[in-house]
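Good morning, colleagues. I should like to take a few minutes on one protein chain, and I would ask you to keep its sequence and fold in view while I speak.

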Amino acid sequence: MALKVLIVEDDSNIAQLLQLYLEKEGFETQVAEDGSKGLNLFHESSPDLVLLDIMLPGLDGWTVCKKIRETSKVPIIMMTAKGETVDKVNGLEMGADDYIVKPFEMKEVQARIHAVLRRYGSKETAEKKLTFDKLVINMDSYELLVDGKRVDTPPKEMELLFHLASSPNRVFTRNQLLDEVWGFDYFGDSRTVDVHIKRLREKLEGVSPKWSLKTVWGVGYKFELET
C-alpha cells in the first residue's frame with residue numbers, strides 16, 4: 001500500500017511540483033492550500049507524513065504543527081523560504097521532525113522523507129517504555145510519571161529524555177542530540193538542547209539519588225545511572 005503524504009502549501013506551483021514528483025516516486029498525495037484545510041485533511045485522511053509550509057494563510061505552519069502534535073506523532077517536515085535560526089528553533093520547539101529551506105531540489109525532499117520515515121519506523125519497533133526508580137518514561141502514551149505522578153511534558157522533551165535514558169551513562173554532544181532527537185542537520189544555535197535540558201531538570205531534580213541528568217562540561221549531556 002502506498003504511503004500517504006499530506007502537502008500543506010499555499011504556493012500552487014510548489015504544491016503541484018511536489019505532488020507530481022512524489023506520486024511518480026510511488027506516494028499517494030493530498031494538497032491543502034491553507035492551515036485550516038490542512039488540519040481538516042489531516043484528521044480525515046491520517047497521512048503517514050506531512051510536508052508543512054510555515055507561511056500559510058489563516059493558521060500558520062507552526063500552529064498547524066502544534067495542533068497535530070496534540071494528537072499525533074506522525075512525521076512532519078517543515079518548509080520555508082527563510083533560513084533563519086529562529087524558524088528552525090520554532091520548528092524544533094513545536095515538534096517538527098525535519099526542516100527544509102526553499103528553494104529545494106526534489107531529490108533532497110525525497111531523501112529527507114525517506115530518512116524521517118526510517119527514523120519513525122525504528123522508533124515504532126523499539127522498546128517504548130523505560131522504568132527507573134520513581135521514574136517512568138512511556139513513549140507509547142507520551143506520558144512521564146515522576147514519583148507516581150503524571151507530569152505534563154512536551155513531545156520533544158519526552159523524546160530527548162527517552163533518548164538519553166535509553167543509553168544510560170553515555171555522553172551525547174549537543175549536535176548528536178539535535179541530529180538524533182530532532183532529526184535534522186542543524187547548523188545554528190545549539191542552545192535549544194540546553195533549554196530542553198533545563199526544563200527537564202526542573203521536573204526531575206532531586207527525585208531520586210539513583211539517576212540524574214548530568215552536564216559533562218565541554219562535551220554535552222548524559223543520563224547518569226548509579227551502578
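I will go from the chain as a whole to its sheet, and then to two of its helices.

Please bear in mind that this is a predicted model. The protein chain has 227 residues, and 46% of them are buried. Its secondary structure consists of eight helices and 12 strands. Among contacts with a separation of 6 or more, 59% link residues that lie 24 or more positions apart. The accessible surface amounts to about 11,400 Å², and carbon and sulfur atoms contribute 50% of that area.

Let us turn to the sheet. In what order do the five strands of the open sheet lie? The order is β2-β1-β3-β4-β5, with parallel pairing. At the edges are β2, residues 28-32, and β5, residues 98-101, each of which pairs on one side only. From one strand to the next, the twist averages 20 degrees.

As a detail within this sheet, strand β1, residues 4-8, runs parallel to β2 and is joined to it by five bridges. One position to locate is L6, whose bridge partner in β2 is Q30. Helix α3, residues 61-69, packs on the sheet, where it touches β3 (49-53) and β4 (76-80). The direction of α3 makes about 175 degrees with that of β4.

Finally, I come to helix α7, which spans residues 174-182. Which residues of α7 are buried? They are L177, L178, V181 and W182. Viewed down the axis of α7, these buried residues fall within an arc of 100 degrees, and therefore they line one face of the helix. In general, an α-helix has 3.6 residues a turn, so residues three or four places apart point the same way.

Thank you for your attention.

Conventions
Residues numbered from 1 in each chain as written. Predicted model: local features only at pLDDT ≥ 70, side-chain atom pairs only at ≥ 80, totals over all residues. Heavy atoms only, no water. Helix = DSSP H or I, 4+ residues; strand = E, 2+ residues; numbered from the N terminus. Buried < 20%, exposed > 50% of the residue type's maximum accessible area, 1.4 Å probe, protein only. Contact = heavy atoms within 4.5 Å. Areas by Shrake-Rupley, 256 points an atom, 1.4 Å probe, with all protein chains shown as cover. Arc of directions from axis to C-beta. Pairing = 2+ DSSP bridges. Axes fitted to C-alpha atoms, helices over the stretch in contact; angles between N-to-C directions.
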